[in-house]
Amino acid sequence: MVARATGDAVTRAGDPCVCGVVHDVPIDLIVVGDDWLEQLVAYARERRWSRPFVFMDANTEAVAGSRVVRELSKAGMKVTELCFPERSGLLADETNVSRLEVALAGAETDSIFSVGSGVITDLTRYVAGRTGRQFVCVPTAASMDGYASGVSVMEFGGMKTSFPARPPIAVFAEPRTIAGAPLDMTRAGVGDLLGKASARVDWQASHCLYGEYLCPEVERRVTVSLVYAATHAAEILEGQAEVVPSFLWGLIESGLAIAMVGSSRPASGSEHQVSHMWDLQAANRGRPHEPHGLQVGYATQFAMRLQRHAFGGGVPELASPRPPGPDGEEVRRLFAGHDSQVETVLEQKRRFLSDNESKFPTTTADWKAVQERVGEAMGVFPVVAKALTAVGIPAEAGFLGLDASALQTSFRWANRIRPRYTVLDFLEGQGRLEAAIEAVMPAVPPVGSGS
């Protein structure tokens, strides 16, 4: 059973969902509370572990990792520690996968404890999946939604790619540590969770247009979490004790949704594709990318605009969808070195359209029904946009060093990053993506305007 610290049931392995699918989530326990460390040690004893491996970095060692090591050692366990000395710039890339794998290969260990936020957790989950190991997750910041996820986002060759991985067997988090994390990490967590608003619309649209599987219970749970974040954004940034645990739980719920469905579809749409494109551009220029959640939140501001346009009147009548590509020299330059990955994505998109073309709406009444259904999902947009602005993620050009030209280019070609169907694919298939971008995105100043 997956449970809160209070013991409330979340889901039970083997029970069918309302969608008729059995969502087996291999997580025993989730604890968010002041007694997290006591429960962590008790859990390790219950599992009869004696040789834990604790993985952290210099920052997370100071806030939680050293306590985990100390208490496991006091319980009579032989602890192996791996602490990456980097305090910034750590990536979930090939080099750090190798560092972790080499350390694990040289240690006699029966369990892994990851102590950290996004990169530490992604590295652990990826390596645990590759080596068939179980691990326990100890979050140290409310900076992202992947703590309970079964997907790792790895940056191989400069391009971020999602890989199936191993969810943690348990999660233990201390609210005080979460509340004390750097403010930008919490802002990133808010941005990441609010990004579920546009991801939800992309999922609904694909479901309505092409019959892609959608679980209403998973959708509901993610929506409840994003609405909580949107309506408590100020209190979350202030670190108020009564809201931080619920906010972190919302991020964990998003990861559980990913684990339940077996992909990041409930939590990731066009806003994540654009964020990953910005990561690729930063890597190509030899610059560190900005925090993931800030990028996702910024992209969400504009993804919501495009979705309102696409499903709120900007496409009055449906045309037969056009398959994507072939692309020209501009795209080859943007994705230099990743040509094969882009072509694979395009081929998967073409296959998706072909395999499901019989489900695509063909009448005005059918298109109106899609607009109404998707319109319901867009009902949260006003409160989400307000919350994003409140946490300092604007809806104008210039944030994160991205001018209007960069924004327009990113949204035009970001759907080459992933095979997942989003509003970008819908608009492109209708031959309306460029016009939609021109209509709703920040305008590019005329050449010579001095702007």
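Q: Contact means heavy atoms within 4.5 Å. In this predicted model, which residues is Leu-433 in contact with, leaving aside its neighbours within four places in sequence?
A: By that test, Leu-433 is in contact with Phe-411, Arg-412, Leu-424, Leu-427 and Glu-428. Take Arg-412 as an example: Arg-412 is 21 residues from Leu-433 in sequence, yet their C-alpha atoms are 7.1 Å apart in space. As for its place, Leu-433 belongs to helix α19, residues 433-440.

Q: Why does Leu-433 count as buried?
A: Buried means under 20% relative accessible area. Leu-433 has 0% relative accessibility, so it counts as buried.

Q: What makes Arg-412 a residue that lies over the face of Trp-413?
A: A charge sits over a ring if CZ of Arg is within 6 Å of the ring centre and within 35 degrees of the ring normal. Arg-412 lies over the face of Trp-413 at 3.9 Å from the ring centre, so the distance condition is met. Arg-99 offers another case, lying over the face of Phe-84 at 3.7 Å from the ring centre.

Q: Why is the aromatic pair of Tyr-43 and Trp-49 called edge-to-face?
A: The structure holds 18 aromatic pairs, and Tyr-43 with Trp-49 is one of them. Rings pair if their centres lie within 6.5 Å, and planes over 60 degrees apart count as edge-to-face. Here the centres are 5.8 Å apart with 75° between the planes, so both conditions hold and the name fits. Both partners are also buried, because Tyr-43 has 5% relative accessibility and Trp-49 has a relative accessible area of 10%.

Q: Why is the aromatic pair of Phe-156 and Phe-163 called tilted?
A: Planes under 30 degrees apart count as stacked, those over 60 as edge-to-face, and the rest as tilted. With 50° between the planes and 5.4 Å centre to centre, Phe-156 and Phe-163 fall in that remaining class, so the pair is tilted. Phe-163 counts as partly exposed, at 25% relative accessibility.

Q: Which residues do ring pairs link into a cluster?
A: The cluster joined by ring pairs holds Trp-278, Tyr-298, Phe-302, Phe-399 and Phe-411. Phe-411 is also one of the residues touching Leu-433.

Q: How do you know whether α3 is oblique or roughly parallel to α4?
A: Two packed helices are described by the angle between their axes and the distance between the axes. Helix α3 (residues 94-105) and helix α4 (residues 118-131) pack at about 55°, with their axes 10 Å apart. That makes α3 oblique to α4, because angles under 35 degrees count as roughly parallel and 65 to 115 as roughly perpendicular, with 55° falling between these ranges. The crossing is right-handed. On the α3 side, Asn-96, Val-97, Leu-100, Glu-101 and Leu-104 meet Leu-123, Thr-124, Tyr-126, Val-127 and Arg-130 of α4.

Q: What residues does Leu-91 touch, not counting those up to four places away in sequence?
A: Leu-91 touches Asn-96, Val-119, Leu-123, Glu-155 and His-289. Its place is in the loop between β5 (80-84) and α3. Leu-91 is called partly exposed because its relative accessible area is 27%, which lies between the 20% limit for buried and the 50% limit for exposed.

Q: What makes α8 and α10 roughly antiparallel or roughly parallel to each other?
A: Angles over 145 degrees count as roughly antiparallel. Helix α8 (residues 216-231) and helix α10 (residues 244-261) pack at about 155°, their axes 9 Å apart. α8 and α10 are therefore roughly antiparallel to each other. Their crossing is left-handed, and the contact includes Val-218 and Tyr-228 of α8 with Phe-247 and Met-260 of α10, among others.

Q: Why does Arg-48 count as exposed?
A: Exposed means over 50% relative accessible area. Arg-48 stands at 74%, so it counts as exposed. This residue is found in the loop between α1 and β4 (52-57), and its phi is near 60°, a positive value in a residue other than glycine. Leu-400 has a positive phi of about 60° too, in the loop between α16 (381-390) and α17 (404-413).

Q: Which bond joins Gly-325 and Pro-326?
A: A cis peptide bond joins them, with omega about -5°. Pro-326 lies in the loop between α12 (292-311) and α13 (329-334).

Conventions
Residues numbered from 1 in each chain as written. Predicted model: local features only at pLDDT ≥ 70, side-chain atom pairs only at ≥ 80, totals over all residues. Heavy atoms only, no water. Phe/Tyr/Trp six-rings, centres within 6.5 Å; stacked < 30°, edge-to-face > 60°. Buried < 20%, exposed > 50% of the residue type's maximum accessible area, 1.4 Å probe, protein only. Axes fitted to C-alpha atoms, helices over the stretch in contact; angles between N-to-C directions. Helix = DSSP H or I, 4+ residues; strand = E, 2+ residues; numbered from the N terminus. Left-handed = near helix turned anticlockwise from the far one by under 90°.
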